[in-house]
Amino acid sequence: MGKTVELLALILTNGRGDKQPMSSIEQKEVELDLRSDFDKDVAATVEYLTSSVVAMADSEFLAPPKKRFRSITGSSGRGQSVICTICKKRHRLADVHWSRDYEKDGRLFICPLCIENNKMDFEVSTTLIIVPESLLHQWYEEIRRHCKEEVIIDVYYGVGAEGYKHPVYMDTCDIILCSYETLQKEIFYVPSGSGAIELRKRSRPSTQKYPSPLLAVNFLRICLDESQLVESKVKAAAKMCSFLRGRYHWCVTGTPLSKSVNDLYGLVCFLGLFPYYIDSVWEHYLFNPWTTGKRKAMINLLTQLMWRNTKKDVADQLDNVVRQDRLVELSFSPIEERLYSAKIEKSKEKMRTLLDSLLCNNDPDTPLSSLPSATVDAIFAIINDVRISILAGESHKHKKDLNCIADFRMFSPKLIFRKLFEDARTAVVQRHREMVANRNALAGIYLLLGEEHQALDWYKQAYSIHEEQKELNRLLGLVEGT
């Protein structure tokens, strides 16, 4: 059983108390008890395919807003706004994700600023699952496939993208999905008194309309998928995760270690295990004894924290499995082919430049073992760059930390297509700027030489390029025609 389904089973069996939704797997077993094995297999296959199609159709709408959220004041009517019970200020319902149904249930509206100023805390029965951006759609599809419609799911894209999601609104959801990339951006909306102000790289007074609602909520549980991404405490997303509050903390990973046992320290900090999340305690009582061969303390701690499924746990499920060798040849999709071709061309150019520099200083018959280690690493880094791009859609940018979110990202086909589009747009804009800048530069040179007519011709060419691009954008529907 995959870790996604396993985690969903744990969430559903340890739900919100009064609400115990039954998974689709359990309902199928109840409904199909009297059928034959063949009927069960057929029904399971049909339902799996149907739920997959429905989940994929629903996930088409899972995209962050294209425009940055901006709060509009003074333009909403009374029917579209709500008044804060503390400061008496009016807010648009859509800005704060508030519903009139909440007031019918006896819940009073408190605006985001009053929540921050009064240090208010909201206990919710919601599970927050933090996943890499590339797995966001997959998680949504898996939840929709294995859970019934009564399980309410929401995707959190951040204050800057979709406004303030009120804690009362969050309490109406069973599961909220959020990406590590969203948490990185959410740092700019951290309340000043939360102790996380040092995370901000620069101030954003023009965009920080509301504080982040995540820090005003005490979730039922917080689950980190691919939790090895928060092993480093200095990373923005890892810092943001450490400020989130929940009654239970779960970490899900298939590779908890990448370099040493010290990688577990970030997970211990997220789990809030006192006193082990204190640097001096971790190093003195756990990590340093481990390095000297005294591993009992570390093993005793980890055996109480970790749950790992081994082959022995599923050995009885493998008795009737018939193993067969089958070769399946995979081919690139058009998007993957385009990305791979571009990566190959860039890698060839890098390798050619590197080899030319080596041939200038070394004999062509020199074996790799005789070259400096830094040179050998540079050669294999180019090859590894191509390999990673095939597996993940994009290679890591920095070779220092393969577990860093900013250094290594796995992209789904939709994200690959978006990235290709953004790269192409950036290249076109850069090319257009170079063409205009070059002609303006030539015009400037002719002005210095005193040849005004030649300078005017080059200025005309620069202006015509600009006008032609505007007309082309209008014909392609990129801008509205006047």
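A pocket, as the word is used here, is an open set of grid points with protein on both sides within 12 Å along at least five of seven lines, and its lining residues have an atom within 4 Å of a point. Keep that in mind as you look at this model, which is predicted.

Let's start with the second largest pocket. About 1000 Å³ of space lies inside. Its lining is made up of 27 residues, and those nearest the centre are Cys251, Thr253, Met306, Trp307 and Arg308. Where does the rest of the wall come from? Helices α1 (3-13), α12 (264-271) and α14 (296-305), along with strand β8 (245-252), each give at least two residues to the lining of this second largest pocket. Sort the lining by class and you get 18 nonpolar residues, six polar ones and three charged ones.

Now step back to the whole chain. You'll find 18 helices and eight strands in it. The protein chain runs to 482 residues, and 37% of them count as buried. Take the contacts in the chain with a separation of 6 or more: 66% of these are between residues 24 or more positions apart.

Next, the rings. There are four aromatic pairs in the structure. One of them joins tryptophan 98 to phenylalanine 109 in an edge-to-face arrangement, with 5.1 Å from centre to centre and 70° between the planes. This pair links distant parts of the chain: tryptophan 98 sits in the loop between α4 (93-96) and α5 (100-104), while phenylalanine 109 sits in the loop between α5 and α6 (112-117), eleven residues apart. Are these two residues buried or exposed? Tryptophan 98 and phenylalanine 109 are both buried. They also have company, as Trp98, Phe109 and Tyr102 make up one aromatic cluster.

Another pair brings together phenylalanine 274 and tyrosine 277, and this one is tilted, at 6.0 Å centre to centre with 55° between the planes. How open are these two rings to the outside? Phenylalanine 274 has a relative accessible area of 61%, so it counts as exposed, the cut-off being over 50%. Tyrosine 277 has a relative accessible area of 34%, so this residue is partly exposed.

One last ring is worth a look, this time with a charged partner. Arginine 295 lies over the face of tryptophan 290, at 4.5 Å from the ring centre.

How values were computed:
Residues numbered from 1 in each chain as written. Predicted model: local features only at pLDDT ≥ 70, side-chain atom pairs only at ≥ 80, totals over all residues. Heavy atoms only, no water. Phe/Tyr/Trp six-rings, centres within 6.5 Å; stacked < 30°, edge-to-face > 60°. Helix = DSSP H or I, 4+ residues; strand = E, 2+ residues; numbered from the N terminus. Buried < 20%, exposed > 50% of the residue type's maximum accessible area, 1.4 Å probe, protein only. Lys NZ or Arg CZ within 6 Å of the ring centre and 35° of its normal. 1 Å grid on protein atoms, 1.4 Å probe; cavity = no way out; pocket = protein on both sides within 12 Å on 5 of 7 lines; lining within 4 Å. Points joined across faces, edges and corners; volume = space filled by probe spheres on them. Nonpolar A, V, L, I, M, F, W, Y, C, P; charged D, E, K, R; others polar. Contact = heavy atoms within 4.5 Å.
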